[in-house]
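User: I am new to this structure and would be grateful for a close look at a single part of it. Please begin with one loop residue and then place that residue in its wider setting.

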Amino acid sequence: MPTNTKTVKRHTQAVVIIHGIGEQHPMETVRLFADAVLPEPEQGGEKYFIRPDPMSESFELRKLQNRSQPRTHFFEYYWAYKVEGTKLSHILPWLKQLLFRKPGKVPGQMLTLWVVSWLLIVLTLVALGLDVFGPLKQLAPQLPPFVVSLGSALLFSVFHLVFYLYIGDAARYLSPTPDNIKLRQTIRADGIQLLRKIHESGEYERVIVVGHSLGSVVAYDILKHLWQEYYTDYREPKASSQPALAKLEKIGEDLRKGVAGVTVESYMQAQVELWKEMRSLGNPWLVTDLITAGSPLTHAAMLLANDEDDLRARQRQRDLPTNPPEPEFETTKKEERRFYSYFVWDGYGKKKDIKLRAVHHGGLFALTRWTNLYYPALWGIFGDLVGGPLVHWFGPGIRDIAVGSSHKVKDRTLLAHLAYWNKEEGQPVSQKLSVALDEVIKALDLDNTDYFS
């Protein structure tokens with residue numbers, strides 16, 4: 001005799017992780033990330049299965065699928081192989097742009113590192129002029145040939161690794177010189193194509209984008225450009241009511257003004273409500289969260305603009321999205337109102353009587369939350385020198401989280417930049433999460449079904 005069974009809807013979400021600089025191997029980052037953020041299965045066995053990835057169009061890539069609900073697919077946007085043929089001529093103009101500027105044009109958090117860099121350059125030039133390295137030249141002929149060869153090979157390898165593979169990646173992506181435009185275009189276009197396919201597949205209800213190091217800049221860029229394809233797209237909405245939008249605009253401006261009682265947490269909750277409202281009106285945007293770790297965007301005034309004044313101008317002009325977004329102004333006899341949206345003049349519905357407001361093209365972060373993790377640098381020269389806080393540069397709607405511990409040596413070395421989803425060794429399994437990894441898991445919020453309709 002048949003029994004009634006309740007059909008359980010399977011919800012599916014996607015996590016897209018974008019790696020940073022260096023000679024990354026395909027799938028290396030996404031495997032480490034998924035293994036770190038997924039819990040041990042109650043039934044034992046593997047944390048995830050590897051499935052074909054039709055989105056990435058690369059035989060080197062696969063997607064990872066967890067074993068619990070909601071179903072989560074992990075994708076890697078792998079761009080390292082696109083950076084080929086880096087030459088000294090690609091790097092020197094970028095370094096010149098960073099170093100040869102007046103101290104007053106250097107952001108405060110970069111000033112110590114800028115001064116130290118110049119001191120090292122001056123000391124090196126003085127040492128060469130005084131022939132400080134002369135004794136080493138005299139010692140070399142007395143050493144066995146293999147020692148000299150080994151030392152030379154080691155120095156060359158370190159120079160090649162740091163200068164060409166790491167600094168080279170950053171210089172070529174962040175410097176819009178004619179030689180680099182094609183590379184920047186390819187990296188951005190392929191990243192946008194991956195996210196576009198995920199959106200249009202009809203398989204996913206939510207998307208989270210995670211960017212590490214230079215990958216956070218890539219993530220910021222591709223989200224900015226993809227949003228501009230979707231921001232006015234409403235597909236057969238049934239009503240004109242948009243209370244969540246009005247609430248978000250009010251909370252966003254109160255947060256910007258520092259109104260008492262308005263917190264980044266309340267603002268981020270309003271972002272989720274607006275995202276749900278936009279989805280109910282037919283907007284296809286799926287990205288609820290951007291998570292950045294060790295992000296060089298903390299140096300935005302030097303890396304994305306000529307100086308802070310130039311950065312602020314580009315943000316006001318909506319070339320570089322902020323959080324909260326740059327507002328529209330409407331002045332009445334009673335007050336000045338600020339909006340992140342404007343009316344879409346073509347009516348919707350059969351009678352064209354549904355009028356909607358569209359969040360403007362620079363308003364990506366009205367409905368996409370931004371969490372940023374960083375290991376605080378000590379005196380500007382220790383810790384994660386690449387990453388740092390972003391609120392000052394991109395707005396108070398970002399949840400900046402300083403991670404790490406003052407008593408742990410590794411958190412005050414360059415290794416901190418690679419430790420955002422490392423597990424702590426030598427601890428029980430139940431206590432293995434590092435502070436940084438714990439915050440990453442909270443920001444992902446993978447087990448929360450409130451995002452799904």
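Analyst: Arginine 318 sits in the loop that runs between helix 11 and strand 7. The model is predicted, and every value below is computed from it. The backbone at arginine 318 has a positive phi of about 70 degrees, even though the residue is not a glycine. Most residues other than glycine have a negative phi, and most peptide bonds are trans. Arginine 318 counts as buried because its relative accessibility is 17%, and buried means under 20%.

The loop between helix 11 (308-316) and strand 7 also holds proline 324. The peptide bond leading from asparagine 323 to proline 324 is cis, and its omega is near 0 degrees. Strand 7 covers residues 328-331 and includes phenylalanine 329. With a relative accessibility of 46%, phenylalanine 329 counts as partly exposed. Between the C-alpha atoms of phenylalanine 329 and tyrosine 340 the distance is 9.0 Å, and the two residues are eleven apart in sequence.

Backbone features of these kinds are also found elsewhere in the chain. Methionine 27, in the loop between strand 1 (12-18) and helix 1 (28-37), is not a glycine, yet its phi is positive at about 75 degrees. Methionine 27 is buried, with a relative accessible area of 7%. A cis peptide bond joins glutamine 69 to proline 70, with omega about -5 degrees. Proline 70 belongs to the loop between strand 3 (62-66) and strand 4 (71-77).

The wider setting is a protein with 13 helices and twelve strands. Of its 453 residues, 48% count as buried. Among contacts between residues at least 6 apart in sequence, 74% join residues at least 24 apart.

Helix 1 offers an example of a contact between distant parts of the chain. The axes of helix 1 and helix 13 (residues 435-444) come within 10 Å and cross at roughly 85 degrees. The two helices are therefore roughly perpendicular to each other. Helix 1 contributes Phe33, Ala36 and Val37 to the contact, while helix 13 contributes Leu437, Val440, Ile441 and Leu444. By class, this contact of helix 1 with helix 13 has seven nonpolar residues, no polar residues and no charged residues.

Helix 6 takes in 23 residues, 178-200, and at 1.5 Å a residue it should span 33 Å; its end C-alpha atoms are 33 Å apart, which agrees. Among the buried residues of helix 6 are Leu183, Arg184, Ile187, Arg188, Gly191, Ile192, Leu195 and His199. An α-helix has 3.6 residues a turn, so residues three or four places apart point the same way. After helix 6 comes glycine 202, with a positive phi near 75 degrees.

Helix 6 packs against helix 7 (residues 214-230) at an angle of about 55 degrees, with the axes 9 Å apart. That angle makes helix 6 oblique to helix 7. The crossing of these two helices is right-handed. On the helix 6 side, the contact includes Ile187, Arg188, Gly191, Ile192, Leu195 and His199, and the helix 7 residues they meet include Val218, Asp221, Ile222, His225 and Leu226. The residues of this contact of helix 6 with helix 7 divide into eight nonpolar, three polar and five charged.

Helix 8 has 15 residues, 243-257, for which 1.5 Å a residue gives an expected span of 21 Å; the end C-alpha atoms are 21 Å apart, in agreement. Buried residues of helix 8 include Ala244, Leu245, Leu248, Ile251, Gly252 and Leu255. Glycine 258 follows helix 8 and has a positive phi near 75 degrees.

Helix 8 and helix 9 (residues 264-280) pack at an angle of about 155 degrees, and their axes are 9 Å apart. Helix 8 is thus roughly antiparallel to helix 9. Their crossing is left-handed. In the contact, Ala244, Leu245, Leu248, Ile251, Gly252 and Leu255 are among the helix 8 residues, and Val264, Tyr267, Ala270, Gln271 and Leu274 are among those of helix 9. By class, the contact of helix 8 with helix 9 has ten nonpolar, three polar and three charged residues.

To return to the starting point, arginine 318 is a buried residue with a positive phi, in a loop that also contains proline 324.

Technical notes:
Residues are numbered from 1 along each chain as its sequence is written. This is a predicted model: local features need pLDDT of at least 70, side-chain atom pairs count only at pLDDT 80 or more; totals for chains, interfaces and linings use all residues. Side-chain values use heavy atoms; hydrogens and water are left out. Helices (H or I, at least four residues) and strands (E, at least two) are DSSP runs, numbered from the N terminus. The expected span of a helix is 1.5 Å times one less than its number of residues. Buried means under 20% relative accessible area, exposed over 50%, partly exposed in between (1.4 Å probe, protein chains only). Axes are lines fitted to C-alpha atoms, for helices over the stretch in contact, and angles run from 0 to 180 degrees between N-to-C directions. Angles under 35 degrees count as roughly parallel, over 145 as roughly antiparallel, 65 to 115 as roughly perpendicular and the rest as oblique. A crossing is left-handed if the near helix is turned anticlockwise from the far one by less than a right angle, and right-handed if clockwise. Contact means heavy atoms within 4.5 Å. Ala, Val, Leu, Ile, Met, Phe, Trp, Tyr, Cys and Pro count as nonpolar, Asp, Glu, Lys and Arg as charged, and the others, Gly among them, as polar.
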